[in-house]
Amino acid sequence: MEDWFTEPKVPLGQWMRWFVDLLNEHASGVFDFISVVLGTVIDGVVDLLSAVPPLALIVALAALAWWLQRSWKLAAFVFLALLLIVNLGYWEATIETLALVLFATAICMAVGVPVGILAAHRPWVYAAIRPLLDLMQTIPTFVYLIPTLILFGLGMVPGLISTVIFAIPAPIRLTHLGISSVPKPLLEAGEAFGATPLQRLWKVELPHALPTIMAGLTQCIMLSLSMVVIAALVGANGLGKPVVRALNTVNIGMGFEAGLAIVILAILLDRICRERPRSAGRD
């Protein structure tokens, strides 16, 4: 009975391999173009940030943190934490990781927020994409690297694409949650004042859902950083490379230092990008 059931195996793996081979055969030019464009843009940003003296960039980031959050404590923490990264010798890798995370987060938010708004206004859209979102969040992340590596080759681009696939469900889900949780009396008040659907979106729904959308932004940043080490396996530069190198050579010191740099970068981005408390500015 068991042999009868397992003999006619469903060839899911063969179908997926056939699909990827089909894309690689007939659309390789498109993927090469995307790889060149994204790689050039990311490398340009990395070169631009690397051309700035580290101390000047650290001061600018600390000033940005104070301007966004109005907290001198956060600005001092940003300054001291980045100085520690420079002292450990991981400044260049941190710049590369920062560029990768910022690009991945920008793409996720640019796509995820409109999709979340559409899903909140059209429940059938969310019902259709929810299984796909579950699949994107639960499938092992190493699985993303195989097709992206075949289609885009080694480098930052397959790491970027894999990171986007892994992180984009967060802004979609949280934007959908924020828009869907707008109180009906608030929507009815907007309609009573003659607001059009677009005006109601911009002046009622988005302001009310902004804290939830910002939570999606920080979640997207954290998920992107969690892919840094995995993306290094396909040639992506950044803090993931020394971690992988330390794993291969069993170098505890290098692994701890690179991991600490990743943690510091995650904390800084989370604190800087979160919504500013109303009481901020008093400290």
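Helices (H or I, at least four residues) and strands (E, at least two) are DSSP runs, numbered from the N terminus. Residues are numbered from 1 along each chain as its sequence is written. The model is predicted, so local features need pLDDT of at least 70, side-chain atom pairs count only at pLDDT 80 or more, and totals for chains, interfaces and linings use all residues, while side-chain values use heavy atoms, without hydrogens and water.

**Exercise 1. Confidence**

Find where confidence is lowest and where it is highest in the chain.

*Solution.*
- Start with the scale: pLDDT is the predictor's confidence in each residue, from 0 to 100.
- Take the whole chain. Its mean pLDDT is 83, and 94% of its residues reach 70 or more.
- Now go to the elements. Helix 1 (residues 2-6) is lowest, at a mean of 59. Helix 10 (residues 169-180) is highest, at 90.

**Exercise 2. Two loop residues with positive phi**

Place Arg70 in the chain and decide whether it is buried, partly exposed or exposed. Do this for Val250 too.

*Solution.*
- Recall the background: most residues other than glycine have a negative phi.
- Check Arg70. It is not a glycine, yet its phi is positive, about 55 degrees.
- Place Arg70: it sits in the loop between helix 4 (54-69) and helix 5 (72-88).
- Apply the cut-offs: buried is under 20% relative accessible area, exposed over 50%, partly exposed in between (1.4 Å probe, protein chains only). Arg70 has 27% relative accessibility, so it is partly exposed.
- Turn to Val250. It is not a glycine either, and its phi is positive, about 55 degrees.
- Val250 is in the loop between helix 14 (240-249) and helix 15 (252-273). Its relative accessible area is 68%, so Val250 is exposed.

**Exercise 3. A helix pair**

Describe how helix 8 and helix 9 pack.

*Solution.*
- Helix 8 (residues 141-152) and helix 9 (residues 156-167) pack at about 140 degrees, with axes 9 Å apart. Axes are lines fitted to C-alpha atoms, for helices over the stretch in contact, and angles run from 0 to 180 degrees between N-to-C directions.
- Classify the angle. Under 35 degrees is roughly parallel, over 145 roughly antiparallel, 65 to 115 roughly perpendicular, and the rest oblique. Helix 8 and helix 9 are therefore oblique.
- List the contacts (heavy atoms within 4.5 Å). Tyr144, Leu145 and Phe152 are among the helix 8 residues that meet helix 9. The helix 9 side includes Val157, Ile161 and Phe166.

**Exercise 4. A helix residue**

Is Ser224 buried or exposed?

*Solution.*
- Ser224 belongs to helix 12 (residues 197-226).
- Its relative accessibility is 2%, so Ser224 is buried.
- Neighbours within four places in sequence aside, Ser224 contacts Val101, Ala104, Thr105, Thr163 and Ala167.
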